[in-house]
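Work through the two exercises below with the structure in view, and try each task before you read its solution.

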Amino acid sequence: MNTFYVTTPIYYPNSEPHAGNAYTTIAADVLARYHRLKGYEVCFLTGVDEHAANVLNAAKEEGLTPQEYCDKIAPTFVNLWERLNISHDIFFRTTSDIHKRGAQKFLNVLYENGDIYKDKYEGYYCISCEKFFAEKELTDDKICPDHKIPLQWLEEENYFFRLSKYADRLLAHFNENPDFVYPETRRNELLSFLESGLQDISISRASLSWGIPFPFDPEHIIYIWIEALSNYITALGYETDSDQFQTFWPADVHMMGKDITRFHALFWPAMLMAADLPLPKHIVGHGWLTKDGEALSKTRGIFVDMDGDIATYGVDAFRYYLLREFSFGNDGDYRPSRLHERYNADLANDLGNLLNRVLGLLNKNFDVIPEPTTPGEFDDEIKTLAHDTLESLDSHMQTFAYDIALETIWEFVRRINRYVQQTQVWTLAKPETKPRMGTILYNSLEALRFISALIFPFIPDTADKIQRQIGSTDSDYTLEWGRLKVGQKVAKGEPIFPRVDLKKEEPPQKTGKTKSEEQSKQGKTDLISFTDFQRMDLRVGCIISAESIQGADRLLKLIVDIGTERRQVVAGIAEHYRTDSLIGKQVIVVVNLEPATIRNVESQGMVLAASSDSVVLTTPETEVPLGTQVR
Ligand code: ME8
């Protein structure tokens, strides 16, 4: 069986995890789930990096020993991973005995191979990065560029690792394996660092007691990064050369943020070379998650309200937003308003409504899933697209392009919405067309089963909900068309993404006033704020009937299908449109307008039109699924 070993960084437990840590871990989880789905034997490792100076400081502040402090914080990581549906196989702690013994064995091997020597070290050190800064990296104020804290001057007798000895081999490895580091920008940064030459690195600390002692000199503690990197092998049982180690090493993917790619793509491979072990296949360094342009950070106390957003929108919406919104290699600003929009447009509307609509039609017209006896227009196109989508997904996953992978899946979701629309399946309930209706509904439901498998790695809860609603008792995530069982009963269909009203507002502008407030101060009183605009719920609907209203020459009574329901709308367009010319026309409907009674007829919304001498209905440029939000 093929194997797949994916890791996250082991995070510092100096405080509870934040959304940045969640981002990396979710990205690794997608890979783990995806490979399990494809039949790989998977090992997914995550954990905490406990011997950090920041942990020591945080423990002191609380009057705890570092071990007590770690014992308190480590479970907060486990809890978050449970809440986020992370499917890790190992949660590893570097205070475990298996790690201590494994790290010491690793150091011994490097020592015995002649790659460790003793020398004096002096330089500036950041206790949050846990690294020394080279002369060329220092700024005048000696502040860490990432953590914005003063660097500390350290002078010590240290052990050194002969990193410089491996520069040529590393360069050759980079050149022979162009996909060793993702994305390419990160690879290029590392390559130029490598080309500028490598110096030996200090790998011990004499002044600390919180850490793992050197096996050959217990006066010295192993430098945290060396010990931490070795977790990728010690967690598998490197110490005893276990079966698990033999099965899974080398790692397929080390997933992390861009801050620590140098450690993983240069120092770690060089140490593995020194220990005669094979190198990991891919080092993947994603961009920063930012808040108002500043990277989230435990040290700097920059957080987003992850818990609040998960409580409001659910775990899957949070996972979906992170993976769909940001291009994986780039930084991305976390914005609750965008999460809200993605929730409504992609999840509730495109996917949730499709499921509801198909289940509604099926339950109304059939007792069980009907047999697809009557092929017709568009059926083959749908099947081909299902397979093409799978192929695209495969290739996007190879390059960690989560956003494009999800967009590809959603193109398929939107195509199925169009299929339902184009075939006008709801009009086919007559006996002579019912077999065709059954076939279309079978295909739509099979498409939903297929979609549930495609989305499973990204939003597993939703995939499970879809499977349950389409009547699968054992979820069938097989990525082959036509597996849906005829004769199966389907559920009534509960909304999988219930409506959420926007509670939060975008933070005000830096002046403390919103732009509209500023502008109204300048006399431009006719402007509305973006938030005001966002309160309007505009949807695409389709006019399915139009009739005149007695005694009102200018008004028409329209019935408009807005995807989830039908609305009766009174519109002042009678002088401009013949009733029969309106049927089937897509229009934009204000769906959250207070109902009004006009000439004794209730109007449950408003259709938009350009209005001057003539009145012209506003329609989408091309046909789109009903209920699509307009913004
Ligand atoms: O560096 N955006 O631990 P750490 C996206 N213990 N991801 C972010 C992020 C942000 N704003 N902030 C943090 C360590 N991360 C070491 C690792 S591994 C052998 C040792 C994520 O707690 C991202 O994955 O500082 C980053 O690389 C990691 O958290 C740093 O976690």
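A residue counts as near a molecule when one of its heavy atoms lies within 4 Å of that molecule. Keep in mind that this is a predicted model.

**Exercise 1.** Describe the surroundings of the ligand, stating which residues come nearest and which polar atoms of the protein lie beside ligand atoms.

*Solution.* Begin with the shell, which holds 24 residues around the ligand, with Ile10, Thr24, Asp49, Asp259 and Leu289 coming nearest. Sorting the shell by residue type gives 13 nonpolar, 8 polar and 3 charged residues. Next, ask where the shell comes from: β1 (3–11), α1 (19–37), α7 (224–229) and β12 (253–257) each contribute at least two of its residues.

Then look at individual atoms. In the side chain of Asp259, an N or O atom is 2.8 Å from an oxygen atom of the ligand, while a backbone N or O atom of Gly257 lies 3.0 Å from a ligand oxygen atom. A polar backbone atom of Leu296 is 3.2 Å from a nitrogen atom of the ligand. Finally, the ligand taken alone exposes 680 Å², of which the protein buries 95%.

**Exercise 2.** Find the residues with the most contacts inside the largest nonpolar core, and say which helix gives this core its largest share.

*Solution.* The largest nonpolar core has 176 residues, and Trp249, Tyr402 and Phe458 have the most contacts inside it. Its largest share, 12 residues, is supplied by helix α16 (residues 434–455). Leaving aside residues up to four places away in sequence, Phe458 touches several residues, among them Val30, Arg319, Leu393 and Tyr402. A second, separate core of 17 residues includes Leu556, Ile573, Val587 and Val615.

Key. Residues are numbered from 1 along each chain as its sequence is written. This is a predicted model: local features need pLDDT of at least 70, side-chain atom pairs count only at pLDDT 80 or more; totals for chains, interfaces and linings use all residues. Side-chain values use heavy atoms; hydrogens and water are left out. A polar contact is a pair of N or O atoms within 3.5 Å; within protein, one must be able to donate a hydrogen and the other to accept it, and residues adjacent in sequence count only if both atoms are side-chain atoms. Accessible areas come from the Shrake-Rupley method with a 1.4 Å probe; for residues, only the protein chains shown count as cover. Helices (H or I, at least four residues) and strands (E, at least two) are DSSP runs, numbered from the N terminus. Ala, Val, Leu, Ile, Met, Phe, Trp, Tyr, Cys and Pro count as nonpolar, Asp, Glu, Lys and Arg as charged, and the others, Gly among them, as polar. A nonpolar core is a set of buried Ala, Val, Leu, Ile, Met, Phe, Trp, Tyr and Cys residues joined through side-chain atoms within 4.5 Å. Buried means under 20% relative accessible area, exposed over 50%, partly exposed in between (1.4 Å probe, protein chains only). Contact means heavy atoms within 4.5 Å.
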